Structures are given as C-alpha cells and as structure tokens.
Amino acid sequence: MQSRSLGSKREKAERLLRKHNLKVTVPRLSVLSVISEKETATSQPDLEKVLGKSVDRVTLYRVLNVFEEKGILHKIFDLHGTATYALCSEECPEHIHSEDHVHFTCSKCNSVYCLNEVTIPTIETPIGFRVDAVGINAVGICAQCQSKVN
Ligand SMILES: [Zn+2]
Ligand SMILES: [Zn+2]
Ligand SMILES: [Zn+2]
C-alpha cells in the first residue's frame, strides 16, 4: 500500500469525507493523510508538528472533533493521558464508537497501536444491560522496541 500514488490516497480520503456528508477541505484532507499514513495512533501534538503552519491549532481541534463525532476517527489515551487518534473501521457508527479491536500501548515508546487483527470477545451482561462499546487496552512492549533490545 505504501507505493500507492498520492492520487488514489487523496481520492480515498475524499470519499470518506463525502460518505459522512463532510465538505472536502484541505485541513481535513491533511489530517486524514497524516493519520492514515502512520501505523500507530497520532496525538494532537504530533499532528501539530507534522502539519506545521498549514493547519492552525483551532482548525485542527475542530477537524478532530468532527471526525470523532462522525465516526471517522476514534480517540485513545496513551499512558500519559494524551489523546491519540486512529482511523475507525468502516462500520463504526456515528457517535457511538464500537471499535472491536484491542488497543496496545507500549510502555517504552508510548506508541498506541490499533490491533485490528485481535478481536474483542462478546461480553455477556446481566439482563437489562445493553452493551454499546467494549474496549480492551493492553500495555506492554511493542514489536519495534522489542527488536531494538535484541
Ligand atoms: Zn470509531
Ligand atoms: Zn514501543
Ligand atoms: Zn483503535
């Protein structure tokens, strides 16, 4: 996927925005492109660093809020309590995020990974309870850091 042309990546981002009835704007496209390029979830300070002056802080804040509300991005807190953002799966409903994957936070590099291949089992609840979202957070050492040790 890395060698894909910029064109198709942009098209994909535009399609995602239209699907959620959002206007295609440069800041929205920029945020999507940064987040979709990274293997790990991206924090707001990191986004600010990468985007530089092209997207100001207030705009970035708004873009992230809209994306979260629309079910495009979901928020995960890292070990320092900083919010990081990752793309939602295609089926994520608006307002209720039901990510069915495990979040892994590395205690060494503080990266947050969406482990999409690890699915969360169905949770049995007592009668009268309705589950809308389940989250599992795992903490440990990521593959990147493990390989540095050896
Ligand atoms: Zn979501
Ligand atoms: Zn790590
Ligand atoms: Zn996730």
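**Strands, zinc sites and pockets**

In the hairpin formed by S2 and S3, five residues separate the two strands, and Gly81 adopts a positive phi near 80 degrees. This is a feature of a predicted model, as is everything described below. The two arms of the hairpin, S2 and S3, run antiparallel and are joined by five bridges. Two of the facing pairs can be picked out by name: His74 stands opposite Ala86 in S3, and Ile76 has Thr84 in S3 as its bridge partner.

S3 also has a neighbour on another side of the story, namely strand S1, residues 42–43. Two bridges join S1 to S3, again in the antiparallel sense, and Thr42 finds its bridge partner in Tyr85 of S3. Put together, the strands make an open sheet of three, in the order S1-S3-S2, with antiparallel pairing. S1 and S2 are the edge strands, since each of them pairs on one side only. As general background, strands of a sheet pair through backbone hydrogen bonds, either parallel or antiparallel. How enclosed is S3 by the rest of the structure? Four of its five residues are buried, so S3 is largely enclosed.

A second hairpin is built from S4 and S5, with five residues between the strands. In its turn, Asn110 has a positive phi of about 65 degrees. S4 and S5 pair in the antiparallel sense over five bridges, and one of the facing pairs is His101 with Thr119 of S5.

Residues from both hairpins meet again at a metal site. Which residues hold the zinc ion that is ligand 3? Its protein donors are His74, His101 and His103, each through NE2, together with Cys114 through SG, and they lie 2.0 to 2.2 Å from the ion. The four donor atoms subtend angles of 102 to 115 degrees around this zinc ion (ligand 3), and the arrangement is therefore tetrahedral. Along the sequence, the donor residues follow the spacing H-x26-H-x1-H-x10-C. His74 belongs to strand S2 (residues 73–77) and His103 to strand S4 (residues 101–106), so this pair ties together parts that are 29 residues apart in sequence. Both His74 and His103 are buried.

The other zinc ion, ligand 2, has a set of donors made up of cysteines: Cys106, Cys109, Cys142 and Cys145 coordinate it through their SG atoms, at 2.3 Å. Here the angles between the four donor atoms run from 105 to 114 degrees, which makes the arrangement around ligand 2 tetrahedral. The donor residues of this site are spaced C-x2-C-x32-C-x2-C in sequence. Cys109 sits in the loop between S4 and S5, whereas Cys145 lies in helix H5 (residues 143–149), so the pair links parts that are 36 residues apart in sequence. Are these two cysteines buried or exposed? Cys109 counts as partly exposed because its relative accessibility is 34%, while Cys145, with a relative accessible area of 5%, is buried.

Attention can now turn to the pockets. The largest pocket holds about 1300 Å³ of space. Its lining consists of 42 residues, and those nearest its centre are Lys12, Leu32, Ser36, Glu37 and Leu87. Helix H1 (6–19), helix H2 (26–37), strand S3 (83–87) and strand S5 (112–119) are the elements that give two or more residues to this lining. Which of the elements gives the most to the lining of the largest pocket? It is H1, with nine residues. Sorted by class, the lining of the largest pocket has 19 nonpolar, 10 polar and 13 charged residues.

The second largest pocket contains about 230 Å³ of space. Among the residues that line it are His74 and His103, two residues already met as donors of the zinc ion (ligand 3). Other members of this lining include Glu68, Lys75, Ile76, His97, Glu99 and Asn137. S2 and strand S6 (136–140) each supply at least two of the lining residues, and S2 gives the most, with three. By class, the lining of the second largest pocket has four nonpolar, five polar and three charged residues. Strand S2 thus returns in several parts of this description: it pairs with S3, it carries the zinc donor His74, and it contributes to the lining of the second largest pocket.

Methods. Residues are numbered from 1 along each chain as its sequence is written. Chains are lettered from A and ligands numbered from 1 in the order in which they are written. This is a predicted model: local features need pLDDT of at least 70, side-chain atom pairs count only at pLDDT 80 or more; totals for chains, interfaces and linings use all residues. Side-chain values use heavy atoms; hydrogens and water are left out. Donors are N, O and S atoms within 2.8 Å of the metal (3.2 Å for Na, K and Ca); water is not among the atoms, so sites may look incomplete. Four donors count as tetrahedral if all angles lie between 85 and 135 degrees; four count as square planar and six as octahedral if opposite donors are over 155 degrees apart and all others between 65 and 115; anything else is irregular. Buried means under 20% relative accessible area, exposed over 50%, partly exposed in between (1.4 Å probe, protein chains only). On a 1 Å grid over the protein atoms alone, a cavity is a set of points where a 1.4 Å probe fits but cannot get out, and a pocket is an open set with protein on both sides within 12 Å along at least five of seven lines; lining residues have an atom within 4 Å of a point. Grid points are joined across faces, edges and corners, and a volume is the space filled by probe spheres set on the points. Ala, Val, Leu, Ile, Met, Phe, Trp, Tyr, Cys and Pro count as nonpolar, Asp, Glu, Lys and Arg as charged, and the others, Gly among them, as polar. Two strands pair if DSSP finds at least two bridges between them.
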